[in-house]
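User: I am learning how descriptive terms are assigned to a protein model. Could you take me through some of them, one at a time?

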Amino acid sequence: MQSDKALIIVGDASETLDTLYPYLRLQEDGFRPVVAGPEKRPFQMVLHEVRPGWTITREWEGYIIEADTAFRDVDPADYAGIFFSGGRAPEYIRDDEDLIRITRHFFETGKPIASVCHGVEIPARAGCVTGRRMSCVRKCRFDLEICGGIFVDAPLVVDGNLVSGRTWHDHGPVMGEWMRQLRAARHGSSAAA
């Protein structure tokens, strides 16, 4: 039987919409979102946006989300898919050895993976993006390309089991495709079909 659980990766300063949209969307399709962070504790999310007239990202406090589990306690084999939220958190959590282990599992097994915004920094750090086409927030293009990935400036990029978008503004197409892959995997067909 396929797992009905999917991981959502967070840390302090995860982007609120990047995190809550997949959290709620998974439940709509009968999946169980499991929030994983560096520790099992509450994490402060943020609203991360370029304010009109600004050229840099501004940040406001968002909601708080409770991590169900710590990275060290995650057995990735128990999960159907993984979602990498954006915000500033990926920059600070990407060196966590257990997060790298978890990330590599999903790339090696071909399970459905979704990433938006700064989320790309985690699979890039884990050495998983070489030759893979991805979208991300433009300021993370360097992180993707220096690690061997191929940047595509589009609201939805699908490279096999890897689904990505630029920011939370792209959640509609990103989540539609990721959910399609999760449902296909649940029913035993290829996620990338």
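User: Which residue of strand 2 is the bridge partner of I8, and what makes strand 1 and strand 2 a pair?

Analyst: In this predicted model, the bridge partner of I8 in strand 2 is V35. Two strands are said to pair if at least two bridges are found between them, and strand 1 (residues 5–9) and strand 2 (residues 32–37) are joined over five bridges in the parallel sense, so they satisfy the definition of a pair.

User: How do you know whether strand 1 is mostly covered or not?

Analyst: Five of the five residues in strand 1 are buried, and the strand is accordingly described as mostly covered. K5, L7 and I9 point one way while A6 and I8 point the other way, and all of these are buried.

User: Why is V174 called buried or exposed?

Analyst: A residue counts as buried under 20% relative accessible area, and V174 has a value of 0%, so V174 is buried. V174 lies in helix 6, and, leaving aside neighbours within four places in sequence, its contacts include A114, V116, P155 and L156.

User: What makes helix 1 and helix 6 oblique to each other?

Analyst: The axes of helix 1 (residues 16–28) and helix 6 (residues 171–186) cross at roughly 40° and come within 11 Å. Angles under 35 degrees would count as roughly parallel, and 65 to 115 as roughly perpendicular; the angle of roughly 40° belongs to neither class, and the two helices are therefore oblique. Helix 1 passes helix 6 in a right-handed crossing, and by class their contact has eight nonpolar, one polar and three charged residues.

Technical notes. Residues numbered from 1 in each chain as written. Predicted model: local features only at pLDDT ≥ 70, side-chain atom pairs only at ≥ 80, totals over all residues. Heavy atoms only, no water. Axes fitted to C-alpha atoms, helices over the stretch in contact; angles between N-to-C directions. Helix = DSSP H or I, 4+ residues; strand = E, 2+ residues; numbered from the N terminus. Parallel < 35°, antiparallel > 145°, perpendicular 65-115°, else oblique. Left-handed = near helix turned anticlockwise from the far one by under 90°. Nonpolar A, V, L, I, M, F, W, Y, C, P; charged D, E, K, R; others polar. Buried < 20%, exposed > 50% of the residue type's maximum accessible area, 1.4 Å probe, protein only. Contact = heavy atoms within 4.5 Å.
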